[in-house]
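Okay, thanks for squeezing me in. Have a look at this one on the screen, and I'll talk you through a few parts of the fold.

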Amino acid sequence: MNALSDLMNRIVSLCKRRGFVFPGSEIYGGFGGFYDYGPLGVELKNNIKLQWWKRMVYEREDVVGLDAAIIMNPKVWEASGHVEAFTDPLAECFACHHRFRSDHLQSDSCPDCGGKLSEARKFNILVETSVGVLEDQKKKAYLRGEITQGVHVNFRNVLDSTPLKIPFGIAQIGKAFRNEITPGNFIFRQREFEQMELQFYVKPEAEEGKKWFEYFKGLRMQWYRDLGIRKENLRFRDHRMDERAHYAQAATDIEYNSPFGWSEFEGIHHRGAWDLGRHGQYSGQDLSYFDNESKERYVPWVIETSGGVDRAFLFFLLDAYSEDGKRVVLRLNPKLAPYKAAVFPLVANKPDIYNTAHEIYHQLKRKLNTVAWDDRGNIGKRYYSQDEIGTPWCVTVDYQTLDDGTVTVRDRDTAVQERVKANELEGYLVQKLS
Ligand code: GAP
């Protein structure tokens, strides 16, 4: 086993052991391509989504949010081109009958048994479902293959219900589903996953499209950098013409240097007039925009930023993971850390110490939401246990607390300890977090 696949194994094992990610339906033997997020995983995931929403919606004047239904009128997927073009090329091994994405294969023999592979065939990866109770009246529908279309079909609704003028954007976070042929690399390629997207509508002019495309490339890369991903592990990769999605005029991926190679976890796409043009045509509704300043009517172009919550989750974990002798430290940005702090009584059998620690724990929890409590084992073990899940600060109440009202605050990354007045602790941590 090489060092990189070993790192991946350690992350998978940490995720299971400490409650970040569990295999989906595990007691029934699992279900390929589906995962469940545990008590710590849900916090990390929520923090990623909150930080995304802050940067993409709250800090801007030109973006609003939306939460569209997962199941939509099936015509949406005809208009969007997914029924026709949302396909992966698939080759089957003549010997073991395993199937593979032919665009991911290096040779024409099968990776599992060396057998010969068939010609590639195209498979549609939209997940089908049916709506309605009566057998003969059930209607075929799809679980959305991207969250994007729920935004575009509401373009007019948002325009009519807000004072927004072009250029403006609509942000959304939510689940998407794909019948991936080869789910794998843990949560990297799943059949149910979450996306965080901005659809930004601009005037249909070449310079305008280029300007916003470049702007959002920079903004999205900076977001990952600000949340701590190391520069050398991030890069842009422009799509060649032949690999662009059916809707894209230009596309760039943000890739992470993962144990399984440079891998995409966000795409910036110049979608041109594809979406509103097609929905206008298929629905028969007017989805053009009247520009009051230039007195022109046009179908806006779309610049999209489309990131995967699960892939960001995996790469934040991989990038933060470090081992320092026996100590595993998850150097997550405190804004992403599942617990913001942990509180310990130095000893559990001294009521004064125990009760003071408990009071501090409750007070901090009211302010910071997620605070861990641990009164088991020795203090060293408690520190190790919090380091491994990325808790940035551990607070210990000890004998000195009873004398002078101070507590020990230990920093995860430096292991340096400071004495802080208990009644100033909340402000101290809030300030560090901001
Ligand atoms: N609306 C554009 C769109 O969906 P995409 O490149 O197909 O573009 C965007 O997907 C992002 O969604 C990817 O960069 C990735 O982070 C995430 N994603 C796509 N398929 C995924 C899968 N099977 N499992 C986990 N994440 C996935």
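So, to start: which residues in α7 are buried? Keep in mind that this is a predicted model. The buried ones in α7 include G209, W212, F213, F216, L219, M221, W223 and Y224, and E208, K217 and R220 are buried in there too.

What does that helix sit on? Helix α7, residues 206-226, packs on a sheet and touches β10, β11, β12, β13 and β16. The direction of α7 makes about 150° with that of β13. Quick sanity check on the helix: at 1.5 Å a residue, its 21 residues should span 30 Å, and the end C-alpha atoms are 30 Å apart, so that agrees. Just after α7, G228 has a positive phi of about 105°.

Now the sheet. It's open, with seven strands in the order β3-β9-β10-β16-β13-β12-β11, and the pairing is mixed. β3 and β11 are at the edges with a single partner strand each, so one side of each has no neighbour in the sheet. From one strand to the next, the twist averages 25°.

Within that sheet, β12 and β13 pair in the antiparallel sense over nine bridges. E255 has E264 in β13 as its bridge partner.

Last bit: the hairpin of β17 and β18. Those two strands are antiparallel, with four bridges, and Y321 stands opposite L330 in β18. There are two residues between the strands, and G325 takes a positive phi near 65°. β18 is covered on both faces: R327 and V329 are buried on one side, V328 and L330 on the other.

That's me done.

How values were computed
Residues numbered from 1 in each chain as written. Predicted model: local features only at pLDDT ≥ 70, side-chain atom pairs only at ≥ 80, totals over all residues. Heavy atoms only, no water. Pairing = 2+ DSSP bridges. Axes fitted to C-alpha atoms, helices over the stretch in contact; angles between N-to-C directions. Contact = heavy atoms within 4.5 Å. Expected span 1.5 Å × (residues − 1). Buried < 20%, exposed > 50% of the residue type's maximum accessible area, 1.4 Å probe, protein only.
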